[in-house]
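Visitor: Could you take me closely through one part of this model, the sheet and what lies around it, and explain each term as you go?

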Amino acid sequence: MNSGTGATSVTVEGSVTAGGIGVSVFNDVLAGNLSVQTQDILAGFSGIVASQEGNGSGDVRADGTVVGEAGSGIRVNTG
């Protein structure tokens, strides 16, 4: 979660297995660009949840399979 100013960048190297959400990233209203890069994700709910409420761009890249068993594979929200 970035509730300040500036960019947010998350890089995941390797596989992620989670019971709920695999990767969750949130940029608040004053934050800049949001970038998420992942590989394989297997999650019980959603694989990737990225929320960009700030003024910058949002970029989500998955170099592998992303599975959300009860939700979405990749969900991006913008403000």
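Guide: What follows looks at the sheet, then at the nonpolar core, and last at a salt bridge. This is a predicted model, in which local features need pLDDT of at least 70 and side-chain atom pairs count only at pLDDT 80 or more, while totals for chains, interfaces and linings use all residues. Residues are numbered from 1 along each chain as its sequence is written, and side-chain values use heavy atoms, with hydrogens and water left out.

Strands (DSSP runs of E, at least two residues, numbered from the N terminus) pair if DSSP finds at least two bridges between them. Here three strands form an open sheet in the order β1-β4-β7, with parallel pairing. Because β1 (6-11) and β7 (58-62) stand at the edges, each with a single partner strand, one side of each has no neighbour in the sheet. β1 pairs with β4 (residues 31-38) over five bridges, and the bridge partner of Ser 9 in β4 is Ser 35.

The strand β4 also gives two or more residues to the largest nonpolar core, as do β3 (23-27), β5 (41-43) and β6 (48-52). Such a core is a set of buried Ala, Val, Leu, Ile, Met, Phe, Trp, Tyr and Cys residues joined through side-chain atoms within 4.5 Å, where buried means under 20% relative accessible area, exposed over 50% and partly exposed in between (1.4 Å probe, protein chains only). This core has eleven residues, among them Leu 34, Val 36 and Ala 50.

Finally, the whole structure holds one salt bridge, a term for a side-chain nitrogen of Lys or Arg within 4 Å of a carboxyl oxygen of Asp or Glu. Arg 61 forms it with Asp 63, their closest N and O atoms being 2.8 Å apart.

Conventions
Helices (H or I, at least four residues) and strands (E, at least two) are DSSP runs, numbered from the N terminus.
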